[in-house]
Amino acid sequence: MVEQIKPQYSVAWIQKIAEIPKAVWDELAIPLKTPFLEWEWLNNIETSGSATPRTGWQPCHLTVWRDRQLIAAAPLYLKGHSYGEFVFDHQWADLSHRLGISYYPKLLGMTPFTPATGYRFLIALGENEDEITQIMVAAIDHFCDRNQLSGCNFLFVDPDWKPIIERYGFSSWLHHSYIWSNQEFNSFDDYLKVFNANQRRNIKRERKAVDQANLTIKVMTDDEIPHHLFPLIYRFYSSTCEKFYWGSKYLTRKFFEELYPNFSHRVVLVAAYSEDDEKRPVGLSFCIRKGDNLYGRYWGCLEDYSCLHFEACYYQPIEWGIKEGIKMFDPGAGGQHKKRRGFPATPNYSLHRFYNQKMSQILKHYMGEVNEMEQEEIDAINQDLPFSKRDITFQETLD
């Protein structure tokens, strides 16, 4: 469906990323910091059967054109549930239900199953961002009104994009992730120096436990990764989901298989091998890199080894990252173990608009109070970090 907006612009809603040629989409996506808005990642999520109408993720992407040139796009999904989003809006859904208002379906902007900051509209360099953004927000409002959607939500947004969208009446909801930042470290020992003596001993003890288990750890990326490891990632991912996160196995085996070869240049694997088998790992951590940013995504092990999780998911990526010039490492969702290992609570935001007037008024009235409580939690977490030095730089909350 194509709508004419202005004489020089038109908008079109597409049902799959594959409707746009890869080179055309990536001309918008490659300049961004995040790798998770690139064509290969988004298309793979759809074609692998991971994000589809059957799984409750109906692709409904917005595109803006000048004649036949794509100048802007927004990955969007119609949702009939809130699973796989990692921003838990069940309280809003419950409130809506008690008010007799339908909460689903809703329109969602994010990379499916990916709680990593960076979502934004993709707008070609050199275009008038304010003008294009106005066109896109108006198209979204019209689409939601015509299809009787409860609201539009953008999750894990790019912090530079947040104030732009707030100007169009979206309310910001504060959350936090656990993010490691490189404090000009030159070595892993430099990283250890920021901890108090007790935690330094603890980290050294955890790394020694892996050494004593006679495991060999390999960090591999791009063409260093054997092809046969890509299907194995699913096995480790699936194992962890079944052990600890029942109901959260969102990605299919095909998704991981299809990362090779067209997205393998972004993949970083940390593999643990026993001395009995140097070809098939017993533990695996799967990360994605773009520029000086590293994102931990999935982890799993086939046998229990003391402290292997910490080694594969934190210490090895940090040690490798320091050597590779990584500035930011987002190890993934959850925080129970991360804050003790140098990952401060770091603010991130989602942006929301409800189209029901009553829900919209409640959202705007209470969101300030909700955000204040979240900020207090962030401050409390960071006051309890096991650092010996207090000149560690924390990312500040955006006003």
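These legends walk you through several close-up views of a predicted model.

**View 1. Helix α3 meets helix α11.**
Two packed helices are described by the angle between their axes and the distance between the axes. Here the pair is helix α3, residues 90-98, and helix α11, residues 357-383. Their axes come within 11 Å and cross at roughly 140°. That angle makes α3 oblique to α11, since only angles over 145 degrees count as roughly antiparallel. The crossing of these two helices is right-handed. To find the contact, look on the α3 side for Trp-92, Leu-95 and Ser-96. On the α11 side, their partners are Met-359, Ile-362, Leu-363 and Met-367. What kinds of residues make up this contact of α3 with α11? There are 6 nonpolar residues, 1 polar residue and no charged ones.

**View 2. An edge-to-face pair, Tyr-103 and Phe-354.**
A search of the whole structure turns up 36 aromatic pairs, and this view shows one of them, formed by Tyr-103 and Phe-354. The ring centres are 6.0 Å apart, with 70° between the planes. Because planes over 60 degrees apart count as edge-to-face, this pair gets that name. Tyr-103 sits in the loop between α3 and β7, while Phe-354 belongs to strand β17, residues 345-354. With their positions 251 residues apart, the pair links distant parts of the chain. Are these two rings buried or exposed? Tyr-103 counts as buried because its relative accessibility is 6%, and Phe-354 is buried too, at 6%.

**View 3. A tilted pair, Phe-230 and Tyr-260.**
In this aromatic pair the centres are 5.4 Å apart and the planes are at 50°. Phe-230 is in helix α8, residues 229-244. Tyr-260 is in the loop between α9 and β13. The two residues are 30 apart along the chain, and their pair links distant parts of it. Phe-230 is buried, with a relative accessible area of 0%, whereas Tyr-260 counts as partly exposed at 32%.

**View 4. An aromatic cluster.**
Which residues join together in this cluster? The Phe members are Phe-36, Phe-255, Phe-256, Phe-263 and Phe-286. The Tyr members are Tyr-234, Tyr-237, Tyr-295 and Tyr-298, and Trp-41 belongs to the cluster as well.

**View 5. Cis peptide bonds before Pro-105 and Pro-261.**
Start with the peptide bond from Tyr-104 to Pro-105, which is cis, with omega near 0°. Pro-105 lies in the loop between α3 and β7, the loop that also holds Tyr-103 from View 2. Next, find the cis bond joining Tyr-260 and Pro-261, where omega is about 0°. Tyr-260 is the ring that pairs with Phe-230 in View 3, and Pro-261 is found in the loop between α9 and β13.

**View 6. Positive phi at Asp-67 and Glu-184.**
What is the phi value of Asp-67? Phi is near 55°, a positive value in a residue other than glycine. Asp-67 is in the loop between β4 and β5, and Asp-67 is exposed, with a relative accessible area of 67%. Glu-184 also has a positive phi, near 60°, and is a residue other than glycine. Look for Glu-184 in the loop between β11 and α6. Its relative accessible area is 72%, so Glu-184 is exposed.

Key
Residues are numbered from 1 along each chain as its sequence is written. This is a predicted model: local features need pLDDT of at least 70, side-chain atom pairs count only at pLDDT 80 or more; totals for chains, interfaces and linings use all residues. Side-chain values use heavy atoms; hydrogens and water are left out. Axes are lines fitted to C-alpha atoms, for helices over the stretch in contact, and angles run from 0 to 180 degrees between N-to-C directions. Helices (H or I, at least four residues) and strands (E, at least two) are DSSP runs, numbered from the N terminus. Angles under 35 degrees count as roughly parallel, over 145 as roughly antiparallel, 65 to 115 as roughly perpendicular and the rest as oblique. A crossing is left-handed if the near helix is turned anticlockwise from the far one by less than a right angle, and right-handed if clockwise. Contact means heavy atoms within 4.5 Å. Ala, Val, Leu, Ile, Met, Phe, Trp, Tyr, Cys and Pro count as nonpolar, Asp, Glu, Lys and Arg as charged, and the others, Gly among them, as polar. Rings of Phe, Tyr and Trp (its six-membered ring) pair if their centres lie within 6.5 Å; planes under 30 degrees apart count as stacked, over 60 as edge-to-face and the rest as tilted. Buried means under 20% relative accessible area, exposed over 50%, partly exposed in between (1.4 Å probe, protein chains only).
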